[in-house]
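Student: I would like a close look at a single part of this model, with its surroundings described step by step. Please keep to what the coordinates themselves support.

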Amino acid sequence: MSDPFVVVGGDAAGLSAASKCRRTDPDRDVIVFEKGSWVSYAHCGTPYFVKGEVDRLEDLLSLSPAAAEERGIDLRRGHEVVAVDTDAATVTVEGGGTTFEQPYGDLLVATGARAVSDPIEGATLDGVFTLHGLDHAAAIRAYLTDPDEFEVAALGGGDALDESEVERYGALAPPETVAVVGAGYVGVEMAEAFDAWDLDVHLFQRPDRPVPAFGDAVGDAVTEHLREAGVTLHFDEEVVRLDGEAGHVDGLVCESGAELAVDAALVGIGIRPNTELLDDTPVELGASGAVAADAYGRTTVDDVYAAGDVAEMPHMVTDEAVWDPLGLPANRAGRAIGATVGGDPTPVGSVAGTAMVKAFDLECGRTGILDHARARGAGFDPVSETITAGSRSGYYPGAAETTVTLTADRDTGRLLGGSVVGTDRAAIRIDTLATALGGELTVAELERQDLGYAPPFSPVWDPVLVAAKVLN
Ligand code: FAD
């Protein structure tokens, strides 16, 4: 085998790249090393698996190992790449009971990110979880299930699930009180998941609002909605320690001195890019701490690419290199790099941080730059407006209030970012704003867009257009 395309990491970015490379150049050898047993899985669905809305772990896979191999991908699960030598163009791999050197023609680092919990003392206690991967999700759901009803096979993990840890949690009495530490999108989704199991849910957040990246209007709406749903909110509170007797969590302590007895905790305070593999190489990291990559996903070393949660990408509005670890950019960048190394040079595109989150019945979306300080730092003079309007014609059943915030540059009128929140198909409206950002529209141009109107779907003036009208 000569000059294979070697991919490190077998999920969104890695397998998108491998598949696309094989399609673009069917003669190119492609090897994917994945240190775990799962490949091509949907992190994004794990809160809904924990909740019980998704039945089986296997439902969260988009491409089975067999399907990947049918595409001609040499997929090596249980193989960890432990070193990269960019001079020799080889990677060192541990797997299959041995260690070996694998030469590459092109290398893609698609190692993703990992959940952070180390700032909190006691985060390694039993009953304390992060949610980053299917094994974590399976352990949490096992713990929530009554031991008399628990069956590991019912989770649908096949040969990929690490059953011992899951069985251990499945044998425990379910928790009654859970602390969710961190009210970013994972924390909010998990608060909903725990509530579905009738736990007493306490949500802790260091800032004074949840989902800060979505801006104040969304944060305020989510706060009210979570409270109405019965979640106990502890905002402006920093959890500094988790305590436990006999190794199992039984309480937490905040910086303020506040304490709470809990028998489970989910730490969702952020993620960190998995860049360590490149520590002893000349591949440079960007200011964010993720791998610096150019418009084609190329790192600072020839023939070495990076994509997904481990890499920076250009921002759609500011052009600066940013770290926005989300699913679509990971898939898109991987696919583009696969095409490029297959002989069809394709840019990875840019990101606007477009994200959606569901908090019980409330739908939230955000895109672009909402934060005025950040906008000013990028040379803009930001101005924002927030409006609330109906989601459908007022007389049509199901209409609900939808709140839209738009931020624009005062001088040019260029749209910089926006958010949407409401209970009636609010989140998907963010795609109109994301498309407007991609087209570099001004607020006046957004107002002139010919959006659809029919009473069951939208009023004559969609809330997005109302917001544009008010800001214009
Ligand atoms: P990953 O999916 O993390 O995959 C990296 C892979 O590399 C892993 O399988 C890992 O085992 C492997 N690996 C790492 N190091 C090595 C090594 N040295 N050798 C071999 N293999 C290695 N995004 C959205 O856009 N919308 C959502 O709703 C959403 N929800 C989410 C919910 C949760 C709970 C989480 C955790 C994430 C969510 N995301 C969401 C983010 C999204 O899942 C990620 O952006 C995406 O999975 C990134 O893909 P990736 O391929 O870069 O990394």
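Tutor: In this predicted model, helix α12 spans residues 463-471, and its buried positions are Pro463, Val464, Leu465, Ala467, Ala468 and Leu471. These buried residues of α12 pack against two strands, β23 (382-390) and β24 (401-409), and against two helices, α10 (430-438) and α11 (443-447).

The strand β2 can be read in a similar way, since 5 of its 5 residues are buried. Val30, Val32 and Glu34 point one way from β2, while Ile31 and Phe33 point the other way, and all are buried. In a regular strand, side chains alternate between the two faces of the sheet. As for its partners, β2 runs parallel to β1 (residues 5-8), to which it is joined by 4 bridges, and within this pairing Phe5 stands opposite Val30 of β2. The chain passes from β1 through α1 to β2 in a β-α-β crossover that is right-handed. β2 also pairs in the parallel sense with β3 (residues 74-77), over 4 bridges, where Arg76 of β3 is the bridge partner of Phe33.

Both α1 (12-24) and β2 (30-34) also belong to the surroundings of the ligand, for each supplies at least two residues of the shell, as do α2 (46-51), β4 (79-85) and α8 (327-341). The ligand is surrounded by 33 residues, the closest being Gly9, Asp11, Gly112, Gly308 and Gly327. By class, this shell holds 16 nonpolar, 12 polar and 5 charged residues, and at least three residues come from each of domain 1 (5-36 + 78-114 + 272-341) and domain 2 (128-269).

Technical notes. Residues numbered from 1 in each chain as written. Predicted model: local features only at pLDDT ≥ 70, side-chain atom pairs only at ≥ 80, totals over all residues. Near = placed C-beta within 6 Å. Nonpolar A, V, L, I, M, F, W, Y, C, P; charged D, E, K, R; others polar. Domains from an automatic or database assignment. Buried ≥ 20, exposed ≤ 12 C-beta atoms within 10 Å, placed from the backbone. Contact = placed C-beta atoms within 7 Å. Pairing = 2+ DSSP bridges. Right-handed = clockwise from strand over helix to strand, strands pointing away.
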